[in-house]
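Hi there,

Here is the structure we talked about passing on to you. Have a look at it first, and then read on for what turned up.

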Amino acid sequence: MMSELITIKDLEKHYTIKKPGIVDGKKVSKQTVKAVDGVSFSLEEGETIGIIGESGCGKTTLGRVLVNLEQATGGSVTYNGKTAKELLKEDRLGFHRMCQMVFQNPFDTFDSRQRIQSILTDPLKLHGIGSNDEERLEICKKALEDGGLSPAQQYLNRFPHELSGGQLQRISIIRAMLLKPKFLVADEPVSMLDVSIRGEIIKMLQDLTQKEKTTLIFISHDIATTRYISDRIIVMYYGKIVETGKTDEVLSKPQHDYTKLLINSVASVDPRESKRRIRKNV
């Protein structure tokens, strides 16, 4: 039986932006954007949850808050019963080793001045993994080759701009998983990659997280991919969860009108097909 790893309760992330308008009949110069608005759910150890919704629904902001890249406005997130604030106070490095994130754009992920060897070995050294530089290098070589980048030596001395998007995203996933995190957020990890290699990257991500029993949040607008990788699914709409449940149940028998419209509107992965944006009056 899996144990509960993360509990999210009434989580909020609001932003104040300069935007003139009328709120409650009064003119205002600033308005509040509720990117995440009262979200509650839990994640079990080793579970994969897919979060779907249109751009701007709050799914990326939610992921960033969960790994503490952004501070919540309200509500709580606990990891094995402790808040991020408590864990960071006890062991900042330990928290960041426990919670990792893979970003959408692999070309913006790395320092362009660093070679791949440094990109992979520096986190190991920082977190005290490996007894010396030689051992850390061997760990990275094995990880690269297990991740489909072989021979590893061919990649270690290159700079990020010398690699393809698919190769960089593999390295991004490898770097995160080298730390053996308990929790990983993957934010649209294949949306910027060629369709021909997306399946390989998803399979790699799935294999690594299952091997390490890493809890995964997979953020995507691609329903077919989310269905393939996720145990459960969460549908977000304007910062709120409107439907959640086992993946096949939600996608085969959606209950909420927005979920039904979302499936009909964005199920196709063909970028040439026009998609109608769903309005907030659902």
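**Helix α7 and its surroundings**

S172 sits in helix α7. Please keep in mind throughout that this is a predicted model. With a relative accessible area of 3%, S172 counts as buried, because the cut-off for buried is under 20%. Setting aside residues up to four places away in sequence, S172 touches V102, T109 and F110.

R175 also belongs to helix α7. Its relative accessibility is 25%, so R175 counts as partly exposed. What does R175 contact, once neighbours within four places in sequence are left aside? The list is T109, F110, I119, L120 and P123. T109 and F110 therefore turn up as contacts of S172 and of R175, with S172 being buried and R175 partly exposed.

One more pairing for R175 is worth a look on your screen. R175 and C140 lie 35 residues apart in sequence, while their C-alpha atoms are 8.6 Å apart in space.

**Helix α4**

Three of the contacts of R175, namely I119, L120 and P123, bring us to helix α4, which spans residues 116–126. Which residues of α4 are buried? They are I116, I119, L120, T121, P123 and L124. The cover over these buried residues includes α5 (133–146), α6 (153–156) and α7 (165–178). Just after α4 comes G128, with a positive phi of about 70 degrees.

As a reminder of helix geometry, an α-helix has 3.6 residues a turn, so residues three or four places apart point the same way.

**Strands β6 and β7**

V102, which S172 touches, is part of strand β6 (residues 99–102). Is β6 covered or open on its two faces? Both faces are covered: C99 and M101 are buried on one side, and Q100 and V102 are buried on the other. Strand β6 runs parallel to strand β7 (residues 183–187), and four bridges join them. Within that pairing, Q100 stands opposite L184.

**Strands β3, β9 and β10**

Strand β9 covers residues 232–237, and five of its six residues are buried. On one hand, β9 is joined to strand β3 (residues 48–52) by four bridges, and the two run parallel. Here I49 has R232 as its bridge partner in β9. On the other hand, six bridges link β9 to strand β10 (residues 240–246), this time in an antiparallel arrangement. In that pair, I234 is matched with T244 in β10. The hairpin of β9 and β10 has two residues between the strands, and in it Y238 takes a positive phi near 50 degrees.

**Cysteines**

How many disulfides does a search of the whole structure find? The count is zero. Two of the cysteines have come up already. C99 is buried, with a relative accessible area of 4%, and C140 is buried too, at 0%.

**Salt bridges**

Side chains of opposite charge can pair when their charged atoms come close. The structure holds 12 salt bridges, and I picked out some of them for you:

- R64 pairs with E70, with the closest N and O atoms 3.0 Å apart. R64 is partly exposed at 26% relative accessible area, whereas E70 counts as buried at 18%.
- D111 pairs with R113, with the closest N and O atoms 3.1 Å apart. D111 counts as partly exposed at 29% relative accessibility, and R113 counts as exposed at 69%.
- K142 pairs with D146 at 2.7 Å, N to O. Both K142 and D146 are exposed.

Where do K142 and D146 stand relative to each other? They are four residues apart in helix α5, so about one helical turn separates them.

If you would like somewhere to begin, try S172 and its contacts V102, T109 and F110. From there you can step to R175 in the same helix, α7, and on through I119, L120 and P123, which R175 contacts, to the buried residues of α4.

Best wishes

Methods
Residues are numbered from 1 along each chain as its sequence is written. This is a predicted model: local features need pLDDT of at least 70, side-chain atom pairs count only at pLDDT 80 or more; totals for chains, interfaces and linings use all residues. Side-chain values use heavy atoms; hydrogens and water are left out. Buried means under 20% relative accessible area, exposed over 50%, partly exposed in between (1.4 Å probe, protein chains only). Contact means heavy atoms within 4.5 Å. Two strands pair if DSSP finds at least two bridges between them. A salt bridge is a side-chain nitrogen of Lys or Arg within 4 Å of a carboxyl oxygen of Asp or Glu. A disulfide is a pair of cysteine sulfur atoms within 2.5 Å.
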